[in-house]
Amino acid sequence: DRLIILEQLKQVTESDLEDFEYITADEEATDLLRHVKEHYEFRFIHEADREAFLREQVKISNPNNKMIYFTTNKIRGYGIAQQAEGMTYRDNTAKGGAFICTLYDGNFKDTISMEERERIIQQGRFNTDVLVTTAVLDNGVNIHDKNVKRVIIDYVDVGEVVQMLGRVRTKSRAIDNKLEIVIILP
């Protein structure tokens, strides 16, 4: 099942999308595929490489190179947000990290960045360099920030990945400002 799902995800990134555009009668599907090709760049990594990869991604994050990480593990996610927060001690231009999960999780309620949560809901943006969230933000929240350059997703299923991708709005982004999508595969 995982191989089938992986193939479905990889189809979005393959060069034969141009061929698909000619054989489909659905103009809306063609527009969507064109949008994906122009605004997204996909990468896939194995979960065994996740920790080192995330450490590097936090290091290169800054106010002009923001990152969103959708995690399936709250402890890992909170740790990544804290690592980003620690970057502010090394670099006075760094804006740190924020962690958001459901308000109803008693163990993690005190770790939620309520200020960033409200900013995202009200303004569709966040001030930190790194936003770490669970699937709590995978629906109904739109982020309009051209400085978000990377979205990293712990793979769950195709439907959730699509929802998570849709959180960062790309329609008004320049074609030379593609959103890098990294999907961490089990």
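Biologist: Two strands pair if DSSP finds at least two bridges between them. This model is predicted. How many bridges join strand E5 to strand E6?

Modeller: Strand E5 covers residues 148–154, and strand E6 covers residues 179–185. The two run parallel. Pairing needs at least two bridges, so E5 and E6 count as paired. The number of bridges joining them is 5.

Biologist: Which residue in E6 is the bridge partner of Ile153?

Modeller: E5 spans 148–154, a range that takes in Ile153. Look across to E6. The partner there is Ile183.

Biologist: What is the order of the strands in the open sheet?

Modeller: The sheet has 6 strands, and the pairing is parallel. Strand E1 (40–46) and strand E3 (97–100) are the edge strands, as each pairs on one side only. The twist averages 15° from one strand to the next. Read across, the order is E1-E6-E5-E2-E4-E3.

Biologist: Which helix lies across E1, E2, E5 and E6?

Modeller: Strand E2 covers residues 66–70. The helix in question covers residues 50–59 and runs at about 160° to E5. Its name is helix H4.

Biologist: Which strand gives the largest share of the largest nonpolar core?

Modeller: This core has 25 residues. Ile68, Ile120, Leu131, Ile143, Val151, Ile153 and Ile181 have the most contacts inside it. E1, E2, E3, E5, helix H7 (158–165) and E6 each supply at least two residues. The largest share is 4 residues, and it comes from E6.

Biologist: How many residues does the second core have?

Modeller: The second core is separate from the largest one. It includes Ala94, Val132, Ile152 and Val182. Its size is 20 residues.

Biologist: Is Val161 buried or exposed?

Modeller: Val161 lies in helix H7. In space, Val161 is 9.6 Å from Ala135, C-alpha to C-alpha, though they are 26 residues apart in sequence. The relative accessibility of Val161 is 1%. Buried means under 20%, so Val161 is buried.

Biologist: What kind of aromatic pair do Tyr40 and Phe42 form?

Modeller: The ring centres are 6.1 Å apart, and the planes make an angle of 35°. Planes under 30 degrees apart count as stacked and over 60 as edge-to-face, so this pair falls into the remaining kind. Tyr40 is buried at 12% relative accessible area, and Phe42 is buried at 18%. The pair is tilted.

Biologist: What is the angle between the planes of Phe99 and Phe108?

Modeller: Phe99 is buried, with a relative accessible area of 2%, and Phe108 is buried at 14%. Together with Tyr78 they form one aromatic cluster. Phe99 and Phe108 are a tilted pair, 6.2 Å centre to centre. The angle between their planes is 50°.

Biologist: Which residue lies over the face of Phe126?

Modeller: A charge counts as over a ring only within 6 Å of the ring centre. Here the distance is 4.8 Å, so that cut-off is met. The residue is Lys66.

Biologist: What share of the residues in the protein is buried?

Modeller: The protein has 7 helices and 6 strands. From the N terminus on, they run α-α-α-β-α-β-α-β-α-β-β-α-β. Of the 186 residues, the buried share is 45%.

Key:
Residues are numbered from 1 along each chain as its sequence is written. This is a predicted model: local features need pLDDT of at least 70, side-chain atom pairs count only at pLDDT 80 or more; totals for chains, interfaces and linings use all residues. Side-chain values use heavy atoms; hydrogens and water are left out. Axes are lines fitted to C-alpha atoms, for helices over the stretch in contact, and angles run from 0 to 180 degrees between N-to-C directions. Contact means heavy atoms within 4.5 Å. Rings of Phe, Tyr and Trp (its six-membered ring) pair if their centres lie within 6.5 Å; planes under 30 degrees apart count as stacked, over 60 as edge-to-face and the rest as tilted. Buried means under 20% relative accessible area, exposed over 50%, partly exposed in between (1.4 Å probe, protein chains only). A charge sits over a ring if NZ of Lys or CZ of Arg is within 6 Å of the ring centre and within 35 degrees of the ring normal. A nonpolar core is a set of buried Ala, Val, Leu, Ile, Met, Phe, Trp, Tyr and Cys residues joined through side-chain atoms within 4.5 Å.
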